[in-house]
Amino acid sequence: MSGPAAEAAGPVGRGEGAEASGGPAAAPGGGPTGAAAPEDGGAEQGAEDGEWRKLSPMMLVVAPVTYLKNFIIPLILMAFGATQNPWALVSLFAALAGLAVTGVFTWATFRYQVGARRLEIRKGLISRSRRTIPLERIRGVHVTSNLVHRLFGLAVVHIEAAAGGEGSEEGKLDAVGAEEAERLRRLLLHRRAVLRGDASSAGAAADTPPSGEAAGTASAGAASGTPAAEVGRTAAEPGGGGAPAPAGEPEETEYFRMPARWYGFGALSVGYLLTPFVALAAVIGLASQVAGDLMERPGAVAAGERAFLYYRSLAEGSGAPALAAVAAGVLLLVLALMPVFAVAAYAVNHWDFRLTGQDDSLVTRRGLFTRQSVALERRRIRGYELGDSPLERVRSAVRLRAIMTGLGGDSTRAVLLPTGPRARVEEIADETLGGYTGGLVRHPRAALRRRLVRSVLPFALPAAAAAAAGLYWAAVPAALLALVGIPLGADRYRALGHGRDAERISVRWGSLRRTQAVLRREAVIGWTWRQTLFQRPSGLAHLTATVGAGSGGYTAVDADLAESVGFAAGVTPEMIRPFLAAPAEPAEPAGTSPEKQEPPE
């Protein structure tokens, strides 16, 4: 909205904004005397998106369909006559009817509004709820769209915001049109950056042609040399004479788009390689459920007994080799399908993965059936992690994950890049977050002895005890595991290291899941040394760099104690200096005292 309408509506929006934030209603200094804004009286109408909006009416269809998919298996069983439980059908239709009624009620009473300085969400009729989220406190805007939402062109918008030290305040729009969801994500992130005075967003705002009263303010600022960000902030303040200029389409910088050849790295992930076994377990569970329902039918017990006797006769007679061959064939088939299923699952999860930058955020998009868009605020990112497994190290492949505050246990949202070539991943990390140029200090040889003892001894001792007792069936597997522990312990030692450069520190550890953490120096808020009884003779200690992000601390395992103290002092000297022993002062010459010494000329 621009022109006279925006000029008239500006003071009203500012008055309500002051009241909502807990302060007194401000009277605009550049306009007529401000009066208190009405409860629903067109708040923030001076903003580009000042009107109240509703959720998409298609949500009335999506909610029952989403609920109905949980009953697909019971419905299939009913269709084929595998079960005849009428109460399941009655409860299903009752739940669908309840969802329809509550959906209509939610759609009719839910409203949201993006103002110049805040997002407001109102819902309810009898018990009314009103939530106000200041745009400056928004931490992230995440958009998800599962298969059902995508069929109907919808998406769900999640707004994560700090709530004045009381934790996090969430706003959820379930559901809006896909284009509206993308528009909201761009608009909220852009306005947050403008209100905070981010340089890149200020430049984008300066390139946007102003309109109405805000155009005059921007022109005046340009004539006087005032930065565009200050103009926007001044216009949004009470007494500034109006709302900020409408934000144009914020530009995005694309850092990475996943090429097709990267999907093959899914075959190197142990988690994705186990996908066939998960699918097989689901099939077995479904078969057992169907068998249980069939056993309730008349004559089913007798048929089951006949089937069991037939299987027993095969196993004890000439059919045993055939059964063993079938079992071996099924196992070989599952093993052969492991890479195929792994690549397919990996592609579904990371389909068309993109990493872009908008204003002060990094945005990732991924997913085939469920499309996710996650915005990570740059100022909350304290560093990053490069992780790999033994299979991935064969292909020199790593994955990239951000170390950032405010995510808690939800680490999946911090993924910046899926598994890919190390050189390419490090190049993107350098471009987006700043690369690490220092090396890694190798830990003492005593650390190798500790790695070998910890990986071999837990299996060697039981193997020796079982062999002494004559239990060779248990001693042989334990001895084999002890032998496997030797290369595992050596690999764990090779992974250990820590280092620093002019701006960052780095710590590496692990073998089956090796991780190298790179942290900004200013992110370190403390150091912790831990030394066990077995570490003291070797002069080793665990050094943990404490940060208020990610896992909370990153440990250099079995580092040299004296070297680790110097390392920490080089990173944060003002933090470590008070705990270092002061050098001994030189002894005074005999027969002199400070009181008798002559002052220097």
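These are my notes on helix α13, the UniProt spans and a nonpolar patch in a predicted model.

**Ground rules.** I number residues from 1 along each chain as its sequence is written. Local features need pLDDT of at least 70, side-chain atom pairs count only at pLDDT 80 or more, totals for chains, interfaces and linings use all residues, and side-chain values use heavy atoms, without hydrogens or water.

**Transmembrane spans.** I looked up the unreviewed UniProt entry, which lists "transmembrane region" at 60-81, 87-110, 262-287, 322-348 and 452-475; such annotations may be inferred rather than shown by experiment. In the model, 322-348 is 100% helix, with end C-alpha atoms 37 Å apart. For 452-475 I found 88% helix and 20 Å between the end C-alpha atoms.

**Helix α13.** I take helices as DSSP runs (H or I, at least four residues), numbered from the N terminus. How far should the 31 residues of α13 (320-350) span? At 1.5 Å a residue the answer is 45 Å, and the end C-alpha atoms are 44 Å apart, so the two agree. I also noted a kink of about 40° at Met338, shortly before Pro339; the bend is the angle between axes fitted to the seven residues ending there and the seven starting there. Met338 is also among the buried residues of α13, as are Val334 and Ala342 (buried means under 20% relative accessible area). After α13 comes Asp352, with a positive phi near 50°.

**Nonpolar patch.** Helices α2 (59-68) and α5 (147-151) each supply at least two residues of the nonpolar patch. I checked Leu147 in α5: its relative accessibility is 43%, so Leu147 counts as partly exposed.

Technical notes:
Buried means under 20% relative accessible area, exposed over 50%, partly exposed in between (1.4 Å probe, protein chains only). The expected span of a helix is 1.5 Å times one less than its number of residues.
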